[in-house]
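Please look over the sequence and the three-dimensional structure shown below before reading on. The paragraphs that follow lead through the structure step by step.

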Amino acid sequence: MPRTRIIMRVTAMAIGLWLGLATTAMADGRFPTGLNPADQQRLQAFDDARAKAIAEARARGASEDVAELDQALADDPVPVVPAEIEGVWRCRTIKLGGMPPLVIYRDFRCRITDDSAGLGLTKLSGSQRTGGLFYDIGETRLGYAGAGWIGGDERAYYGRDGADDQVGYLVRVGPDRMRLELPLPHLESDFDILELRR
């Protein structure tokens with residue numbers, strides 16, 4: 001099986017730290033087979049979790065929030081070209097399912113960076129942060145393995161603490177819109193969307 005190309009930018013120090021803390025299987029760059037078993041199961045449940053969470057949000061969410069959710073979900077995926085998505089984005093988290101069934105946060109700042117090491121994401125502001133790796137999986141989406149942390153705390157990395165780990169897929173739906181979709185998060189909701197807009 002060909003080795004999947006990691007396309008993330010991180011500093012040399014972060015690479016060393018991440019590889020030391022992640023599972024050894026993940027360090028070889030395979031996605032999703034290099035993820036820990038619990039995260040592989042989350043990705044296997046992706047479609048079902050997504051459909052159930054969207055249905056619950058539409059049925060029980062406030063009408064104005066449902067309209068914003070539908071706008072965020074609009075349009076079909078297009079190919080992701082790393083060179084075209086670098087830079088700073090407005091980003092907001094949309095939490096679906098659970099109690100309450102739909103929460104849409106205000107815009108914060110995210111950055112996607114690319115160099116010879118590859119492509120990666122960091123949420124730069126807000127109380128809830130995320131950062132991680134993108135993986136080329138040969139489709140109109142990228143795989144994602146990262147971790148969440150609280151702003152002001154030390155940055156988290158995938159594999160350090162399973163309770164912080166996040167996995168999902170990045171889809172691009174236009175020149176200025178993308179969605180990072182994260183199934184079955186550990187806290188607060190059944191499905192998260194980080195909507196990125198320019």
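With which residue does aspartate 75 form a salt bridge? The partner is arginine 177, and the closest N and O atoms of the two are 2.8 Å apart. Like everything described here, this pairing is read from a predicted model. Aspartate 75 belongs to the loop between H4 and helix H5 (82–85), while arginine 177 belongs to strand S8, so the bridge ties together parts that lie 102 residues apart in sequence. With a relative accessibility of 48%, aspartate 75 counts as partly exposed, because the range for that class ends at 50%.

The structure holds 17 salt bridges. Side chains of opposite charge can pair when their charged atoms come close. A further example is the salt bridge between glutamate 195 and arginine 92, in which the closest N and O atoms are 2.7 Å apart. Since glutamate 195 lies in strand S9 and arginine 92 in strand S1, this pair ties together parts that are 103 residues apart in sequence. Both glutamate 195 and arginine 92 are buried.

Another pair consists of glutamate 181 and arginine 179, whose side chains meet in a salt bridge with an N to O distance of 2.7 Å. Glutamate 181 has a relative accessible area of 3% and is therefore buried. Arginine 179 is likewise buried, with a relative accessible area of 4%. Salt bridges can also share partners: Glu68, Arg90, Arg92, Asp107, Glu195 and Arg197 are joined in this way into one network. Two members of that network, Glu195 and Arg92, form the buried pair described above.

The next subject is the packing of two helices. The axes of helix H3 (residues 46–60) and helix H4 (residues 63–73) come within 10 Å and cross at roughly 145 degrees. On the side of H3, the contact is made by Arg50, Ile54, Ala57 and Arg58; on the side of H4, it is made by Val66, Leu69, Asp70 and Leu73. By type, the residues of this contact comprise 5 nonpolar and 3 charged, with no polar ones.

From the helices, attention turns to a residue in a strand. Leucine 170 is part of strand S7. How accessible is leucine 170? Its relative accessibility is 1%, so it counts as buried. Setting aside residues up to four places away in sequence, leucine 170 touches Val80, Ile85, Phe134, Thr140, Arg141, Leu142, Met178, Arg179, Leu180 and Leu196. One of these neighbours is Arg179, the residue that pairs with glutamate 181. Another is threonine 140, which is 30 residues away along the chain from leucine 170, with 8.8 Å between the C-alpha atoms of the two.

Strand S7 also takes part in the lining of the largest pocket. Rolling a probe the size of a water molecule over the atoms shows where empty space is left. The largest pocket has a volume of about 470 Å³. It is lined by 23 residues, of which Lys95, Gln128, Arg129, Gly148 and Gln166 are the closest to its centre. Two or more lining residues come from each of strand S1 (87–96), strand S5 (128–136), strand S6 (141–150), strand S7 (165–174), strand S8 (177–183) and strand S9 (191–197). The lining comprises 9 nonpolar, 6 polar and 8 charged residues.

Some details of the backbone complete the tour. Where do cis peptide bonds precede proline? One runs from phenylalanine 31 to proline 32, with omega near 5 degrees. Proline 32 is placed in the loop between helix H1 (12–21) and helix H2 (37–44). Another joins methionine 99 and proline 100, with omega of about 0 degrees. Proline 100 occurs in the loop between S1 and strand S2 (102–104).

The loop between S8 and S9 contains leucine 184 and glutamate 188. Leucine 184, a residue other than glycine, has a positive phi, near 50 degrees. Glutamate 188 is not a glycine either, yet its phi is positive, at about 75 degrees. Leucine 184 is partly exposed, with 36% relative accessibility, and glutamate 188 is also partly exposed, with a relative accessible area of 49%.

How values were computed. Residues are numbered from 1 along each chain as its sequence is written. This is a predicted model: local features need pLDDT of at least 70, side-chain atom pairs count only at pLDDT 80 or more; totals for chains, interfaces and linings use all residues. Side-chain values use heavy atoms; hydrogens and water are left out. On a 1 Å grid over the protein atoms alone, a cavity is a set of points where a 1.4 Å probe fits but cannot get out, and a pocket is an open set with protein on both sides within 12 Å along at least five of seven lines; lining residues have an atom within 4 Å of a point. Grid points are joined across faces, edges and corners, and a volume is the space filled by probe spheres set on the points. Helices (H or I, at least four residues) and strands (E, at least two) are DSSP runs, numbered from the N terminus. Ala, Val, Leu, Ile, Met, Phe, Trp, Tyr, Cys and Pro count as nonpolar, Asp, Glu, Lys and Arg as charged, and the others, Gly among them, as polar. Axes are lines fitted to C-alpha atoms, for helices over the stretch in contact, and angles run from 0 to 180 degrees between N-to-C directions. Contact means heavy atoms within 4.5 Å. A salt bridge is a side-chain nitrogen of Lys or Arg within 4 Å of a carboxyl oxygen of Asp or Glu. Buried means under 20% relative accessible area, exposed over 50%, partly exposed in between (1.4 Å probe, protein chains only).
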